[in-house]
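Please work through the exercises below with the sequence and the model at hand. Each task is followed by a solution in steps.

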Amino acid sequence: MWVATVPHQPAGPVPMIFTARPNPKLVCQYLTKPKSFRFGAFGIRLRLNNHKVSAVKKQLPELETQKPDSEKLRVGQEKGEGFDLGWLPAFPHVFIASMSNFLFGYHIGVMNGPIVSIARELGFEGNSILEGLVVSIFIVGAFLGSIGCGFIVDKLGCRRTFQIATIPLILGALISAQAHSLDEVILGRFLVGLGIGVNTVLVPIYISEIAPTKYRGSLGTLCQIGTCLGIISSLFLGIPSESDPHWWRTMLYIASIPGFILALGMQFAVDSPRWLCKVGRLNDAKAVIKNVWGASEVEKAIEEFQSVIKNDGSDLDSSWLELLKEPNSRVAFIGGSLFVLQQLAGINGVLYFSSLTFQDVGITNSALASLLIGVTNFAGALCALYLIDKQGRLKLLIGSYLGMAVSMFLVVFAISFPLDEQLSDNLSILGTVMYIFTFAIGAGPVTGLIIPELSSNRSRGKIMGFSFSAHWVCNFLVGLFFLDLVEKFGVAPVYGTFGAVSLLAAIFATYFIVETKGRSLEEIEMSLSSDFMSRDK
C-alpha cells in the first residue's frame, strides 16, 4: 500500500436498464485533441487530454445560476469566501472507511514487541522460524484477501464488502487473544490478514469513488494517516507488555473493537454512486451524489457515469482475463510496478533496522524509537494531506522517491566514510528520519491513490487486487531476506541498493505516470480508452 509495514518480524435486482451511451458533446470534446496512450522511451506512455469534461455544464446552464441554499457555501468557497468545506459531506464516510487502515496499522504494531511474550507463553521461544511464521502468516492471508476482493466488491459493492471483511478481522483478533497453542495464534493471524487484504484494496476504491474530484487526493491520504495512527496506538498500548507478559492478550482483544465500529459505521455510510449506477439503481446514485457532492453535481455526474458505465449490470461480470486487454493491461502493469518498486525501495527494511540505528546513538528504549518513527511517518502523511491536491500526485511521487534516494545515500555515506563517530551516528539518524518522512509524503499515499484513479470503472477492483497482490509478495520477500542480506553484504550495500531503486522509481514515475489531479474518474477513463465510443455496440 501505499502502506509501510514492519517485518519481523448479488448485486440486487436491477429495476431499470440504462446502457452506457457516450454523450455526443463529451465525445466531441475528447476527439478535438486526441492524445496517444503510450509508455515513455519504450513507446508506451500514458497521456491524458489537457482539458476537462465541461460539455455537461454547457447543457445545464441553469444549474450555474440557480443553486439551492445547500450549494451557497460551495459557491462561496469557489470564489474564495471563507473556509473551503466542500470536503465535509464526504468526510464521515471516508473516516469510517479509514478505520480499516487504522486496524491495519494496529495489527502491524501489535506483534512488533509482544511476539517475544507470545513465544514464551506458548512454548516456541527461541524458534525463529515459528516466530517468523506467526508474523508472516498475516501476509499470506492478506495476499489471498487482495486477490478475492475484486470479485466480491463487484457483486456486493464497497459497503457490504467492508462489513463482510470485518468478520475475519474480529474473529481473528479474538481467536489470537485467547489462544493457548501455536495453531490458534496462526489461525487468528491468518484470519486478520485475510480481512486486512480485502480492506487494503477496498479503501482506496471506495474513497476514490465517493470523494468529490477536487478533494479526492486529500481524502485519499486519510488511508495513510489511519495506518500511522494505528501503528502509534499499538505502540502506546504495547508499553505495559514490557512488564506484563500477558498484556499481549489485552492488546489483541482491543484489536477487535475497531472492527465492530467499522461494521456498524458502514451501516450508515453510503455506497459508491458509480457502483449504484452499474447495478441500475440510478435514483440511489443521484441521492448519494446530491448528499455528498452537492445538488448541482447530480446531472453532470450521471452524464459522465453513463459515458463509461453500462447500467444493465453487465459491468459487474468483469473477469481477470480483461486485465490482458488494453488499456487495463497497461494500468495493471503500472499498478504492480509501483508497488514492487515501493517495497524494493526498502521501507520495511529501513523501519526494521531503524531501532538498531537509534540504539547506536543511545536511544535504547525500542518503544521510544518506534514511536519517533511513527510520529515522523504521521507528520509526512499530514504534509501529503495538504499538498496532494495542490501540487498533484506526480510531483509528490517523484519528489518523494528522490528524497528517499538522497536519504539512503546519506546513511551510506555516514557508514562508509571515516567520520567522527558522533557525526556518523547523527547523519544516520537524519537519513533514516528523512527517508521515512519523504516516503510518507508521496511513495506511501500516492501509490495506493493513483492506481484506482487510472483504472476503469469496470475493472477497478481486479486491477487493485492484482496490484496489491504484488505488494504483499514483495513485502514478504523483503521481510524474508533483508536480515540475511545485511549480514552477508553489510548495511551500506543494502541501503545503497534501496537508494538506487528509489532513483529508478522516480524515473519510472516520470515516464509512466500522468497527473490525475482535478480530473473525474470518468474523464480519466475516457482519455485512456481508445474504444470508449464502441462499448455500447
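The exercises treat confidence, helix packing, backbone geometry, aromatic rings and charged side chains.

The model is predicted, so local features need pLDDT of at least 70 and side-chain atom pairs count only at pLDDT 80 or more, while totals for chains, interfaces and linings use all residues. Residues are numbered from 1 along each chain as its sequence is written, and side-chain values use heavy atoms, with hydrogens and water left out.

**Exercise 1. Confidence**

Task: State the mean pLDDT of the protein chain and find the stretches where the pLDDT is below 50.

Solution. Step 1: pLDDT is the predictor's confidence in each residue, from 0 to 100. The mean for the protein chain is 82, and 80% of the residues reach 70 or more. Step 2: the pLDDT is below 50 over residues 1-70, a stretch with 197 contacts (heavy atoms within 4.5 Å) beyond near neighbours in sequence. Step 3: residues 75-81 also have a pLDDT below 50, with 7 such contacts in the model. Step 4: where pLDDT is low, the predicted coordinates should not be read in detail.

**Exercise 2. Two residues of one helix**

Task: Determine whether F162 is buried or exposed, and list what F162 touches. Do likewise for S176.

Solution. Step 1: F162 belongs to helix α7, residues 128-177; helices are DSSP runs of H or I with at least four residues, numbered from the N terminus. Step 2: F162 counts as buried because its relative accessibility is 0%. The classes are buried under 20% relative accessible area, exposed over 50% and partly exposed in between (1.4 Å probe, protein chains only). Step 3: leaving out residues up to four places away in sequence, F162 touches A97, S100, N199, L202, V203, Y206, L262 and M266. A97 is 65 residues from F162 along the chain, yet their C-alpha atoms are separated by 8.0 Å. Step 4: S176 is found in α7 as well and is buried at 2%. Beyond four places in sequence, its contacts are V185, G188, R189, W248 and L252.

**Exercise 3. Helix α6 and a cis bond**

Task: Identify the buried residues of α6 and what covers them. Then locate the cis peptide bond that involves P327.

Solution. Step 1: in α6 (residues 115-122), the buried residues are I115, S117, I118, A119 and L122. Step 2: their cover includes α7, α8 (182-210) and α11 (247-265). Step 3: G123, just after α6, has a positive phi of about 90 degrees. Step 4: the cis bond joins E326 to P327, with omega about -5 degrees. P327 lies in the loop between α14 (298-308) and α15 (328-344). Step 5: for comparison, most residues other than glycine have a negative phi, and most peptide bonds are trans.

**Exercise 4. Aromatic pairs**

Task: Count the aromatic pairs and describe the geometry of F104 with W472.

Solution. Step 1: rings of Phe, Tyr and Trp (its six-membered ring) pair if their centres lie within 6.5 Å; planes under 30 degrees apart are stacked, over 60 edge-to-face and the rest tilted. The whole structure holds 15 aromatic pairs. Step 2: F104 and W472 are edge-to-face, at 5.8 Å centre to centre and 70 degrees between the planes. Step 3: F104 in α5 (residues 91-110) and W472 in α21 (residues 460-489) are 368 residues apart, so the pair links distant parts of the chain. Step 4: F104 is buried at 1%, and W472 is buried at 1%. Step 5: ring pairs also link W87, F91 and F95 into a cluster.

**Exercise 5. Salt bridges**

Task: Count the salt bridges, then examine those of R458 and E453.

Solution. Step 1: a salt bridge is a side-chain nitrogen of Lys or Arg within 4 Å of a carboxyl oxygen of Asp or Glu. The count is 13. Step 2: R458 pairs with E322, with the closest N and O atoms 2.7 Å apart. R458 lies in the loop between α20 (445-454) and α21 and E322 in the loop between α14 and α15, so parts 136 residues apart in sequence are tied together. Both residues are buried. Step 3: E453 forms a salt bridge with R393 at 2.6 Å. E453 lies in α20 and R393 in α18 (residues 393-416), so this pair ties together parts that are 60 residues apart. E453 is buried at 0%, as R393 is at 0%. Step 4: salt bridges that share partners join R216, D389, R393 and E453 into one network.

Conventions:
Helices (H or I, at least four residues) and strands (E, at least two) are DSSP runs, numbered from the N terminus.
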